[in-house]
Amino acid sequence: MNSTKLNKVLKYKCENSLLFFARYIYKENHNRKFIQSKHFEEIAKFLEAVYRLEITRGIINLPPRYGKTELIIKIFTSWCIAKNHSSKFIHLSYSDSLALDNSAQTKEYIQSEAYQSLWSMTLKKDAQSKSKWFNEYGGGMYATASGGAITGFGAGGTDENVFGGGILIDDPLKPDDAFSEVKRNAVNNRYNNTIRSRTNNRNVPIIVVMQRLHEDDLTGFLLSGGSGEDWTHLCMPALDKDNTPLWNDKHNFDELES
């Protein structure tokens, strides 16, 4: 099989499987394998349903350092822009520097040789900062802290029946602030008053991914009806009800118990 046919097969597999794309783009950019685990399979199924607009309000809870940002923010965004070049994303996190670093890594994936060999696109010269960047099709990302200004930018496209991007909220509350009612309320109120209004149509997905910090954190607030929306919830504790570790390669039972 010649290189052109190989690229067509590779492109097809990447576009039709988020996990296949994750393994491809991660290995090509980091020179090491993307370690697969069952929880990544569950997250990938969830995100593929988001792309199909079967989930438009989603919450994913899992422990810190379990690969959530890599797959849900950096790789998923890159995958969506590969499938629909005009996809527009807003990415928010409790820290401006974290949001900008995630945005920069996403942009690096898109600009990499491995990506460009399958999905050729150029980033505009006037929009190549970490906080805001776009390609020639209008797709891209705006990244800032969850308390930062996001006026003047909308996520998603105008067609309610086609995925065109979304709002990705990763750890909106700083762990040190979890026991401050004032700071919890600030994040929760900002979701209702500002964040949710930055979608370009009613079906633009909003995904919240975070470790649980308090019963009234953003997850608790949304699941208790704080926004008046229906949320699909994927909850993955470090130990399940049968005491089976979520990611044994990361933490086994004895480590978690201690």
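Student: How do the residues lining the largest pocket divide into nonpolar, polar and charged?

Tutor: This is a predicted model, and in it the lining of the largest pocket consists of 10 nonpolar, 7 polar and 11 charged residues.

Student: What is the volume of that pocket, and which residues are closest to its centre?

Tutor: As a general idea, rolling a probe the size of a water molecule over the atoms shows where empty space is left. Here the largest pocket has a volume of about 740 Å³. Its lining has 28 residues, and Arg65, Gly67, Lys68, Thr69 and Glu70 are the closest to the centre.

Student: Which helices supply at least two residues each to the lining of the largest pocket?

Tutor: Helices α2 (18-30), α4 (68-83) and α5 (96-111) do so.

Student: What about the second largest pocket: how much space lies in it, and which residues line it?

Tutor: The second largest pocket holds about 160 Å³ of space. Its lining is made of Phe20, Arg23, Tyr24, Lys27, Glu28, Lys33 and Phe34. By class, that gives 3 nonpolar and 4 charged residues, with no polar ones.

Student: Now for enclosed space. How many cavities of 30 Å³ or more does the structure hold?

Tutor: A cavity differs from a pocket in that the probe fits inside but cannot get out. The structure holds 1 cavity of 30 Å³ or more. About 40 Å³ of space lies in the largest cavity. It is lined by 13 residues, and those closest to its centre are Val162, Gly164, Asn201, Asn203 and Val204. The lining comprises 5 nonpolar, 6 polar and 2 charged residues.

Student: How many residues are in the largest nonpolar core, and which have the most contacts inside it?

Tutor: In soluble globular proteins, nonpolar side chains tend to be buried together. In this model the largest nonpolar core has 54 residues, and Leu18, Phe21, Ile43, Ile60, Ile75, Phe76 and Tyr115 have the most contacts inside it.

Student: Which elements supply at least two residues each to this core, and which gives the most?

Tutor: The elements are α2, α3 (38-51), α4, α5, α6 (113-116), β5 (140-145) and β7 (206-210). Helix α4 gives the most, with 9 residues.

Student: Take Ile43 as an example. Which residues does Ile43 touch, not counting those up to four places away in sequence?

Tutor: On that count, Ile43 touches Ile60, Leu62, Leu71, Ile72, Leu234 and Met236.

Student: What lies apart from the largest core?

Tutor: Another core, of 24 residues, lies apart from it; Val204, Leu218, Phe221 and Trp231 are among its members. Val204 was also named above, as one of the residues closest to the centre of the largest cavity.

How values were computed
Residues numbered from 1 in each chain as written. Predicted model: local features only at pLDDT ≥ 70, side-chain atom pairs only at ≥ 80, totals over all residues. Heavy atoms only, no water. 1 Å grid on protein atoms, 1.4 Å probe; cavity = no way out; pocket = protein on both sides within 12 Å on 5 of 7 lines; lining within 4 Å. Points joined across faces, edges and corners; volume = space filled by probe spheres on them. Nonpolar A, V, L, I, M, F, W, Y, C, P; charged D, E, K, R; others polar. Helix = DSSP H or I, 4+ residues; strand = E, 2+ residues; numbered from the N terminus. Core = buried A, V, L, I, M, F, W, Y, C linked by side-chain atoms within 4.5 Å. Buried < 20%, exposed > 50% of the residue type's maximum accessible area, 1.4 Å probe, protein only. Contact = heavy atoms within 4.5 Å.
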